[in-house]
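The following exercises concern aromatic contacts and burial. Please work through each task before reading its solution.

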Amino acid sequence: MHFQFRKMAASSEPLQVRQQVDVSRLVQGLGDIKVPQPLLADLKATYVGQDAVDVQGKLSVELDMSCSRCLKPLHQHLNIPFHEQFKLVKPSEETDNEDDDTIYVNDENVDLVPYVEESFVLHIPMTAVCKDTCKGLCPNCGKDLNEGTCDCDTEVVDPRLAALKDFFK
């Protein structure tokens with residue numbers, strides 16, 4: 001998944017890029033997330049002048065993960081917006097604009113895969129839940145509280161005030 005600045009400047013049409021990217025190695029250390037299919041990148045690169053190329057589109061991926069509350073299997077489809085702007089600079093030029101969102105590159109040929117992978121990693125949900133009303137598991141016995149309540153004592157007493165617990169009995 002590459003584009004070249006010279007070819008983009010010479011072409012009047014934007015470059016359509018539709019390619020699959022294997023992102024399974026990016027979630028390899030995360031035990032509760034599995035990526036069964038590759039990520040699909042559907043991008044459009046447009047030359048905007050002054051050695052700059054604007055790349056935008058969307059990334060789609062299916063994730064199999066576990067609910068962070070009750071640990072049930074969960075299937076999620078992510079649609080990730082993608083937008084980056086690249087500017088070709090000569091090695092002798094200096095770039096002072098650290099505040100803008102432009103990515104400055106020294107090479108004529110730009111590989112988009114690292115930027116697609118970065119966008120994917122930034123959009124992985126930190127906590128996924130099967131439903132908003134998921135009650136999770138009992139911290140004492142491990143029973144799924146979505147299926148019913150358990151008989152565990154859920155009253156938490158601050159150990160500093162434990163002596164006062166029986167004061168009013």
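Rings of Phe, Tyr and Trp (its six-membered ring) pair if their centres lie within 6.5 Å, and planes over 60 degrees apart count as edge-to-face. The model examined here is predicted.

**Exercise 1.** Determine how many aromatic pairs the whole structure holds, and classify the geometry of each.

*Solution.*
Step 1. The search of the whole structure returns two aromatic pairs.
Step 2. Phe-3 and Phe-86 lie 5.7 Å apart, centre to centre, with 65° between the planes, an edge-to-face arrangement.
Step 3. For Phe-86 and Tyr-115 the centre-to-centre distance is 5.0 Å and the angle between the planes 70°, which is again edge-to-face.
Step 4. Phe-3, Phe-86 and Tyr-115 together form one aromatic cluster.

**Exercise 2.** Locate the members of the cluster in the secondary structure and state their burial.

*Solution.*
Step 1. Phe-3 belongs to strand 1 (residues 2-4) and Phe-86 to strand 6 (residues 73-88); this pair links distant parts of the chain, 83 residues apart.
Step 2. Tyr-115 lies in helix 2 (residues 113-122) and Phe-86 in strand 6, so their pair ties together parts that are 29 residues apart in sequence.
Step 3. Phe-3 and Phe-86 are both buried, and Tyr-115 is buried as well.

**Exercise 3.** Decide whether Thr-102 is buried or exposed, and identify its contacts beyond four places in sequence.

*Solution.*
Step 1. Thr-102 is part of strand 7 (residues 102-105).
Step 2. Buried means under 20% relative accessible area; Thr-102 has 18% relative accessibility and therefore counts as buried.
Step 3. With neighbours within four places in sequence left aside, Thr-102 contacts Gln-85, Phe-86 and Lys-87.

Technical notes. Residues numbered from 1 in each chain as written. Predicted model: local features only at pLDDT ≥ 70, side-chain atom pairs only at ≥ 80, totals over all residues. Heavy atoms only, no water. Helix = DSSP H or I, 4+ residues; strand = E, 2+ residues; numbered from the N terminus. Buried < 20%, exposed > 50% of the residue type's maximum accessible area, 1.4 Å probe, protein only. Contact = heavy atoms within 4.5 Å. Phe/Tyr/Trp six-rings, centres within 6.5 Å; stacked < 30°, edge-to-face > 60°.
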